There are 2 protein chains.
Amino acid sequence: MSEETFILKNTFPNFSNELIQEIETNSSFQSFKAGDVIMRTGQYIKSTILILKGQLKIYREGEDGEEFLMYYLQAGQACAISLICSTKDQKSQITAKVVEDVEAVTISLALMDKWMMNHRSWYEFVIYTYRTRFEEVLEVIDNIAFRAMDERLEFYLKRHAKACGCKEINLSHQEIALELNTSREVVSRLLKKMEQRGLVHLHRNQIELKI
Amino acid sequence: MSEETFILKNTFPNFSNELIQEIETNSSFQSFKAGDVIMRTGQYIKSTILILKGQLKIYREGEDGEEFLMYYLQAGQACAISLICSTKDQKSQITAKVVEDVEAVTISLALMDKWMMNHRSWYEFVIYTYRTRFEEVLEVIDNIAFRAMDERLEFYLKRHAKACGCKEINLSHQEIALELNTSREVVSRLLKKMEQRGLVHLHRNQIELKI
DNA sequence: TTGCCCGTGTGACAAATGTTACTGTGGCTA
DNA sequence: TAGCCACAGTAACATTTGTCACACGGGCAA
């Protein structure tokens with residue numbers, strides 16, 4: 001078994017052997033550096049990527065360049081939006097930026113379309129991806145629709161900790177503010193209150209989550 | 001051609017003849033009255049519905065019973081969420097309420113799953129539905145993340161007018177406030193400002209859109 | 001007609017959030 | 001070491017939104 005096969009099988013354990021083989025013969029491996037923007041709002045989607053390693057964030061851009069975090073993508077996942085844009089010349093509605101160096105497999109739209117019909121395990125992956133992302137987006141809506149900034153910040157920190165698997169969050173207040181579409185001062189203020197309540201411990205460039 | 005076949009073919013012109021036939025033989029026609037709640041947050045999804053006539057609204061419920069409008073469903077459409085929940089015992093994340101009396105076809109999950117593989121036109125319908133709803137939800141996120149209440153209200157009114165196909169909106173300020181998750185007073189205040197700007201003309205129980 | 005409810009309008013105030021301005025501090029580098 | 005810069009803290013104020021209180025008028029039913 002080649003190294004690629006091994007990684008693919010491990011990262012996407014539900015894919016059938018035939019599918020893995022098809023992926024290997026038909027698609028290309030690629031790397032991206034932290035900070036790279038893989039997809040930008042308004043660009044045409046020509047392919048999708050399966051993530052083997054690293055982390056991406058998917059966010060919505062406002063008219064004045066505001067960012068708004070939707071969700072993170074990690075190894076074993078794919079971007080729901082690019083999975084579904086189908087054959088039409090579909091413009092991306094979101095931006096994808098690399099958080100940690102990414103290794104990925106690029107798959108053309110035509111192939112995806114074919115696989116949907118021929119590979120049960122691909123079909124299930126797509127449906128699963130779509131469903132979970134839709135749910136995640138619904139949760140995001142809940143947060144901004146029903147909750148105030150303090151709760152949203154708390155939710156954001158927990159989600160971030162979960163995504164990176166540790167309780168130390170290495171983000172500046174400015175970065176957090178961007179993703180929640182608010183201002184640094186507000187984030188500082190609320191974090192200070194959270195610290196008083198014992199929920200976090202604040203350091204320079206690091207927030208230690210204590211819950 | 002039976003009456004049902006005729007209606008189905010007209011409402012879902014992209015469905016193949018074989019698919020239409022399958023729908024007819026395997027699923028049941030149902031009616032719902034305005035105000036009925038077809039699906040509620042937390043309920044298990046056992047089937048999906050294709051809408052032949054009338055209008056539904058799909059909204060998210062907050063913990064204290066707040067509503068938050070996601071989108072409307074009309075003839076020729078289906079609920080994206082129920083389309084994708086697949087075989088798992090999936091709980092609904094949204095609530096669906098009838099706005100105008102609805103006639104619909106109910107389809108079990110098992111059938112949907114089968115059709116995805118066997119009927120290209122069903123597959124395309126599902127993908128199309130998912131994509132467009134995802135986009136709509138992204139737009140909703142834009143609105144609450146990046147825009148203030150006055151813009152959101154304007155957007156809401158336009159969307160409502162578009163959905164019902166006329167410029168007279170027969171809603172009380174209270175109802176609008178619920179769907180935007182704000183209070184009646186705020187809606188009144190903003191509508192008054194819009195009237196001063198010449199965007200609307202206010203009547204009792206009716207808002208006349210002038211744009 | 002009278003009384004009542006609903007929808008609406010509005011002022012006054014409270015609370016949350018955004019903005020401006022300034023301070024301090026740690027670390028890097030010229 | 002001095003100067004610079006990014007990050008963080010915070011006070012003061014503006015703006016937006018939510019809340020409370022109350023008034024007005026239309027229409028309906030007793």
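**Exercise 1. Work out what share of the contacts in chain A, between residues at least 6 apart in sequence, join residues at least 24 apart, then sketch the overall build of the chain.**

Start with the contacts: 68% of those in chain A between residues at least 6 apart in sequence join residues at least 24 apart. Keep in mind that this is a predicted model.

Next, list the elements. Chain A has eight helices and eight strands. Its radius of gyration is 19 Å, close to the 17 Å that the globule rule gives for 211 residues, so chain A is as compact as a globular protein of that length.

Now put a box around it. Along the principal axes, the C-alpha atoms of chain A fill roughly 55 × 35 × 30 Å. Finally, check burial: 30% of the 211 residues in chain A are buried.

**Exercise 2. Find out how β3(A) and β4(A) pair, and what sits in the turn of their hairpin.**

Take the pairing to begin with. Strand β3 (residues 47-61) and strand β4 (residues 67-74) of chain A run antiparallel, with seven bridges. For one register point, look at A:Lys57, which stands opposite A:Tyr72 in β4(A).

Then go to the turn. The two strands form a hairpin with five residues between them, and A:Gly65 in that turn has a positive phi of about 80°.

**Exercise 3. Two asparagines have positive phi: locate A:Asn181 and B:Asn205, and decide whether each is buried, partly exposed or exposed.**

Begin with A:Asn181. Its phi is near 55°, positive although the residue isn't glycine. You'll find A:Asn181 in the loop between α7 (173-180) and α8 of chain A. Now count neighbours: 19 other C-beta atoms lie within 10 Å of A:Asn181. Buried would take 20 or more, so A:Asn181 comes out as partly exposed.

Do the same for B:Asn205. Here phi is near 60°, again a positive value in a residue other than glycine. B:Asn205 lies in the loop between β7 (200-203) and β8 (206-209) of chain B. With 10 other C-beta atoms within 10 Å, B:Asn205 is exposed.

**Exercise 4. Describe how chains A and B meet, and identify the symmetry that relates them.**

Count the contacts: 24 residues of chain A touch 24 residues of chain B. On the chain A side, α3 (80-84) and α5 (120-146) each supply at least two residues. The biggest giver there is α5(A), with 14 residues. Sorted by class, that side has 15 nonpolar, four polar and five charged residues.

Now superpose the copies. Chain A goes onto chain B by a rotation of 180° with 0.0 Å of shift along the axis, at an RMSD of 0.1 Å. That's the relation of a two-fold axis.

As a last step, compare the two sides. Of the interface residues of chain A, 96% are also interface residues in chain B, so the copies meet through the same surface.

**Exercise 5. Map the protein surface near DNA strand C: which residues come nearest, and which elements give two or more residues?**

First the residues. There are 19 around DNA strand C, and the nearest are A:Ala148, A:Met149, A:Thr182, B:Ser172 and B:His173.

Then the elements. Two or more residues come from each of α6 (149-164) and α8 (184-196) of chain A, and from each of α7 (173-180) and α8 (184-196) of chain B. The largest share is that of α8(B), with six residues.

Close with the classes: this surface has five nonpolar, seven polar and seven charged residues.

How values were computed
Residues are numbered from 1 along each chain as its sequence is written. Chains are lettered from A and ligands numbered from 1 in the order in which they are written. This is a predicted model: local features need pLDDT of at least 70, side-chain atom pairs count only at pLDDT 80 or more; totals for chains, interfaces and linings use all residues. Helices (H or I, at least four residues) and strands (E, at least two) are DSSP runs, numbered from the N terminus. The radius of gyration is taken over C-alpha atoms; the globule rule is 2.2 Å times the number of residues to the power 0.38. A residue is buried if 20 or more other C-beta atoms lie within 10 Å of its own, exposed if 12 or fewer, and partly exposed in between; C-beta atoms are placed from the backbone. Two residues are in contact if their C-beta atoms, placed from the backbone, lie within 7 Å. Two strands pair if DSSP finds at least two bridges between them. A residue is near a molecule or strand if its C-beta atom, placed from the backbone, lies within 6 Å of it. Ala, Val, Leu, Ile, Met, Phe, Trp, Tyr, Cys and Pro count as nonpolar, Asp, Glu, Lys and Arg as charged, and the others, Gly among them, as polar. Copies are superposed by least squares on the C-alpha atoms of residues with pLDDT of at least 70 in both.
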